[in-house]
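Let's take a walk through this one together, with the sequence and the 3D view open side by side. We'll begin with charged pairs, move on to open space, and end with a few contacts between distant stretches of chain.

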Amino acid sequence: MIEAWLQASKDGNTAALLPLMAEDVVFLLPGQEPMRGRDAFVAASQASGSKFRLIEATPEIREIHLTGDYAICWNHLDLRMVGQADGGKQRRAGDILTVFRREPDGRWVIFRDANLLTPQKTA
């Protein structure tokens with residue numbers, strides 16, 4: 001699931017990300033109001049996609065816990081991006097805590113996601 005998410009993100013393929021999210025998904029980002037639902041995610045992706053392009057993503061799963069129809073994943077993620085306009089490099093890294101939910105059709109989707117990525121120095 002994480003690899004599929006990162007590959008679709010690298011490809012700029014928002015449509016491929018949608019089935020990986022619950023309809024009622026909530027993303028929590030530092031200093032921002034919760035992003036509720038797929039439509040809010042699409043709007044945010046379109047806004048940031050015109051500014052940056054993901055070139056590299058390195059995930060490191062720290063823990064996974066499964067209970068019934070929910071799974072909790074603590075992941076450390078390091079992202080490297082380039083500016084679409086100026087080619088400037090940007091790096092963001094940090095921890096992410098994701099709650100996955102099993103849907104009635106058996107698919108696992110992102111239900112809640114707390115993203116704690118912060119800007120890092122680029123090499």
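Which side chain does Asp-78 meet in a salt bridge? Its partner is Arg-91, at 2.8 Å from N to O. Here a salt bridge means a side-chain nitrogen of Lys or Arg within 4 Å of a carboxyl oxygen of Asp or Glu. The pair ties together distant parts of the chain, with Asp-78 in strand E4 and Arg-91 in strand E5, 13 residues apart. Helices (H or I, at least four residues) and strands (E, at least two) are DSSP runs, numbered from the N terminus.

Before going on, a word on what you're looking at. This is a predicted model, in which local features need pLDDT of at least 70 and side-chain atom pairs count only at pLDDT 80 or more, while totals for chains, interfaces and linings use all residues. Residues are numbered from 1 along each chain as its sequence is written, and side-chain values use heavy atoms, with hydrogens and water left out.

Back to that pair: are its two members buried or exposed? Asp-78 is buried, with a relative accessible area of 14%, and Arg-91 counts as buried too, at 19%. The cut-offs are under 20% relative accessible area for buried and over 50% for exposed, with partly exposed in between (1.4 Å probe, protein chains only).

The structure holds 8 salt bridges. Another of them joins Asp-69 to Arg-102, with the closest N and O atoms 3.0 Å apart. This one also links distant parts of the chain: Asp-69 sits in the loop between E3 and E4, Arg-102 in strand E5, and 33 residues separate them. Asp-69 is partly exposed because its relative accessibility is 41%, and Arg-102 is partly exposed at 32%. Then look at Glu-103 and Arg-101, whose side chains meet in a salt bridge of 2.9 Å, N to O. Both Glu-103 and Arg-101 are buried. Add Asp-24 and you have a network of salt bridges linking Asp-24, Arg-101 and Glu-103. As a general point, side chains of opposite charge can pair when their charged atoms come close.

Now for the open space. Rolling a probe the size of a water molecule over the atoms shows where empty space is left. The largest pocket has a volume of about 1300 Å³. Of the 42 residues that line the largest pocket, Phe-41, Ser-45, Ser-48, Leu-79 and Asn-115 are the closest to its centre. On a 1 Å grid over the protein atoms alone, a pocket is an open set of points where a 1.4 Å probe fits, with protein on both sides within 12 Å along at least five of seven lines; lining residues have an atom within 4 Å of a point. Grid points are joined across faces, edges and corners, and the volume is the space filled by probe spheres set on the points. Among the elements that give two or more residues to the lining are helix H1 (2-11), helix H3 (38-49), strand E4 (70-83) and strand E6 (108-115).

On the surface, Ile-72, Trp-74 and Leu-97 make a nonpolar patch of about 250 Å². Patches are made of residues with over 30% relative accessible area and no salt bridge; like charges are joined within 9 Å, and nonpolar side chains (Val, Leu, Ile, Met, Phe, Trp, Tyr) within 5 Å. The areas come from the Shrake-Rupley method with a 1.4 Å probe, and for residues only the protein chains shown count as cover. Trp-74 belongs to strand E4 and is partly exposed, with a relative accessible area of 32%.

Finally, try tracing some contacts across the chain. Phe-111 is in strand E6 and counts as buried at 14% relative accessibility. Its C-alpha atom is 4.7 Å from that of Val-25, although the two are 86 residues apart along the chain. In helix H3 you'll find Val-42, buried at 19%, with its C-alpha atom 8.7 Å from that of Ala-15, 27 residues away along the chain. Thr-67 is found in strand E3 and counts as exposed, at 55% relative accessibility.
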